[in-house]
Amino acid sequence: MIAFDPDAPGPAPSPCISICQMDAGTGLCVGCQRTIEEIVAWGSATDAERRAVWREIARRRDAMFDDDAA
């Protein structure tokens, strides 16, 4: 799992970590926590759209860790 600050300068990097497996329960990639729609759209996404995906990934990861602590 990599971290990226969506407010950091420079281009938004891909969150892919080459663990490409979709989880049937969540509908998210096990490696990067993106939906298949987000993965497919990444190549043509604007930097602003990519940063929005990174914000959503952060929200998802926070929710996953909150659920694990409960």
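What follows is a chat between a biologist and a modeller about the structure above.

Biologist: Before we start, what kind of model is this, and how are residues numbered?

Modeller: This is a predicted model, where local features need pLDDT of at least 70, side-chain atom pairs count only at pLDDT 80 or more, and totals for chains, interfaces and linings use all residues. Side-chain values use heavy atoms, with hydrogens and water left out, and residues are numbered from 1 along each chain as its sequence is written.

Biologist: How many helices and strands are there in the protein?

Modeller: Helices (H or I, at least four residues) and strands (E, at least two) are DSSP runs, numbered from the N terminus. H1 covers 36–41, and H2 takes in residues 47–69. The count for the protein is two helices and zero strands.

Biologist: Which radius of gyration does the protein have, set against a compact globule?

Modeller: The radius is taken over C-alpha atoms, and the globule rule is 2.2 Å times the number of residues to the power 0.38. With 70 residues, that rule gives a value near 11 Å, so the protein agrees with it at 12 Å.

Biologist: What share of the residues is buried?

Modeller: Buried means under 20% relative accessible area, exposed over 50%, and partly exposed in between (1.4 Å probe, protein chains only). Applied to the 70 residues of the protein, that gives a buried share of 29%.

Biologist: Where does Ile19 sit, and which residues does it touch beyond its sequence neighbours?

Modeller: Ile19 has its place in the segment before H1, and it counts as partly exposed because its relative accessibility is 45%. Its C-alpha is 4.7 Å from that of Gly31, although the two are 12 residues apart in sequence. With contact meaning heavy atoms within 4.5 Å, and leaving aside neighbours within four places, Ile19 touches Cys29, Val30 and Gly31.

Biologist: Which residue forms a salt bridge with Asp7?

Modeller: A salt bridge here is a side-chain nitrogen of Lys or Arg within 4 Å of a carboxyl oxygen of Asp or Glu, and the structure holds five. Asp7 lies in the segment before H1, and its partner is in helix H2, 48 residues away. Asp7 counts as exposed because its relative accessibility is 62%. The closest N and O atoms are 2.7 Å apart, and the partner is Arg55.

Biologist: Which residues are linked in a network of salt bridges?

Modeller: In helix H2, Glu56 and Arg59 are three residues apart, about one turn, and their side chains meet at 2.5 Å, N to O. Glu56 also pairs with Arg60 at 3.6 Å, four residues along the helix. Arg60 counts as buried because its relative accessibility is 12%, whereas Arg59 is partly exposed at 48%. The linked residues are Glu38, Glu56, Arg59 and Arg60.

Biologist: Which side chain of opposite charge is nearest to Arg34?

Modeller: Lys and Arg count as positive and Asp and Glu as negative, while His and the chain ends are not counted. Arg34 is in the segment before helix H1, and its contacts, not counting residues up to four places away, include Cys16, Cys29, Trp42 and Arg60. Arg34 is buried yet has no salt bridge. At 5.9 Å, the nearest oppositely charged side chain is Glu38.
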